[in-house]
Amino acid sequence: MVNKQIAARGIYDQKVLQAMRDVPRHLFVPERRRRSAYGDFPLPIGYGQTISQPYIVALMTELLKPEKDDIALEVGTGSGYQAAVLSKIVKKVYTVEIITPLGKDAEKRLNEMGYKNITVKVGDGYFGWKQYAPFDCIIVTAASDHIPPPLIKQLKNGGKMAIPVGMPFQVQKLMVVEKSEKGEIGIKNILPVRFVPLRRVQR
Ligand code: SAH
């Protein structure tokens, strides 16, 4: 998976490639999907949600330029896979999931697998996680038609956010939001992606 789908497409950060090698993706997908876990595509994880394609997980992780002392926020825990990959590189990952059973399952899975530097919360990630802000890295794994202002606020100076921006159920733009050391915002458009929508109502 890493050689053919990820390194071959130009992901070069060794920390990211190693993290993708270390995290057993098959343990994050429903049992009957395990045979396809390392395929070059997203997979359903229940409740109409998906675990992203491996390449997209690697790309978004690399775009954050994560470092070992970083504190990261993820919006959209889903299976917990992206959080697990990021947690191999940074010091701490806080991750928020809006669908209660998905959040609870991911929390249990990550605990059982021994990921000690990830904390899961059920809630609306649109508002980030004020208590632990500011964050060096923010990764949003659901698409929104705008960049949530609370997330921009909770980004540290010098920090980076990766987020798919665009209309739900259409192709969105994967964007990187950078906050300079002085607090100025810069936005880069990386490539077209397709994500499930960022919801605003808890289930
Ligand atoms: N990162 C996940 C994939 C996530 S799919 C993984 O590695 O498996 C997107 C997830 O975002 C879904 O689980 C969805 O329920 C969640 N989500 C959607 N809107 C949200 C919101 N406002 N706050 C938190 N999570 C949200």
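A polar contact is a pair of N or O atoms within 3.5 Å; within protein, one must be able to donate a hydrogen and the other to accept it. The exercises below apply to a predicted model.

**Exercise 1.** Determine where Asn-117 is placed and which backbone oxygens its side chain reaches.

*Solution.*
1. Asn-117 belongs to the loop that connects helix H5 (100-112) with strand E5 (118-122).
2. The backbone oxygen of Lys-91 is reached by the side chain of Asn-117 at 3.2 Å.
3. The backbone oxygen of Ser-87 is also reached by the Asn-117 side chain, at 2.9 Å.
4. The cut-off for a polar contact is 3.5 Å, and the side chain of Asn-117 reaches Ser-87 at 2.9 Å and Lys-91 at 3.2 Å.

**Exercise 2.** Decide whether Asn-117 counts as buried or exposed.

*Solution.*
1. The relative accessibility of Asn-117 is 18%.
2. Buried means under 20% relative accessible area.
3. Asn-117 therefore counts as buried.

**Exercise 3.** Identify the polar side-chain atoms that lie beside nitrogen or oxygen atoms of the ligand, and state how much of the ligand the protein buries.

*Solution.*
1. For an oxygen atom of the ligand, the partner is a polar side-chain atom of Glu-97, at 2.6 Å.
2. For a nitrogen atom of the ligand, a polar side-chain atom of Asp-124 lies at 2.8 Å.
3. Thr-141 likewise places a polar side-chain atom 3.1 Å from a nitrogen atom of the ligand.
4. The ligand taken alone exposes 570 Å², and the protein buries 100% of that area.

**Exercise 4.** Describe the shell around the ligand by its residues, their classes and the elements that supply them.

*Solution.*
1. The ligand is surrounded by 26 residues, the closest being Ser-79, Glu-97, Asp-124, Gly-125 and Arg-199.
2. By class, the shell consists of eleven nonpolar, eleven polar and four charged residues.
3. At least two shell residues come from each of strand E2 (49-51), strand E3 (71-75), helix H4 (81-87) and strand E4 (92-97).
4. With three residues, E2 gives the most to the shell.
5. The space that the ligand takes is the largest pocket.

**Exercise 5.** Establish how many residues of helix H3 are buried, and what follows the helix.

*Solution.*
1. Helix H3 spans residues 54-63 and is mostly covered, with ten of its ten residues buried.
2. Among the buried residues of H3 are Pro-54, Tyr-55, Thr-61 and Glu-62.
3. Lys-65 follows H3 and has a positive phi, near 45 degrees.

Definitions and conventions:
Residues are numbered from 1 along each chain as its sequence is written. This is a predicted model: local features need pLDDT of at least 70, side-chain atom pairs count only at pLDDT 80 or more; totals for chains, interfaces and linings use all residues. Side-chain values use heavy atoms; hydrogens and water are left out. A residue is near a molecule or strand if one of its heavy atoms lies within 4 Å of it. Accessible areas come from the Shrake-Rupley method with a 1.4 Å probe; for residues, only the protein chains shown count as cover. On a 1 Å grid over the protein atoms alone, a cavity is a set of points where a 1.4 Å probe fits but cannot get out, and a pocket is an open set with protein on both sides within 12 Å along at least five of seven lines; lining residues have an atom within 4 Å of a point. A molecule sits in a cavity or pocket if more than half of its atoms lie within 2 Å of its grid points. Helices (H or I, at least four residues) and strands (E, at least two) are DSSP runs, numbered from the N terminus. Ala, Val, Leu, Ile, Met, Phe, Trp, Tyr, Cys and Pro count as nonpolar, Asp, Glu, Lys and Arg as charged, and the others, Gly among them, as polar. Buried means under 20% relative accessible area, exposed over 50%, partly exposed in between (1.4 Å probe, protein chains only).
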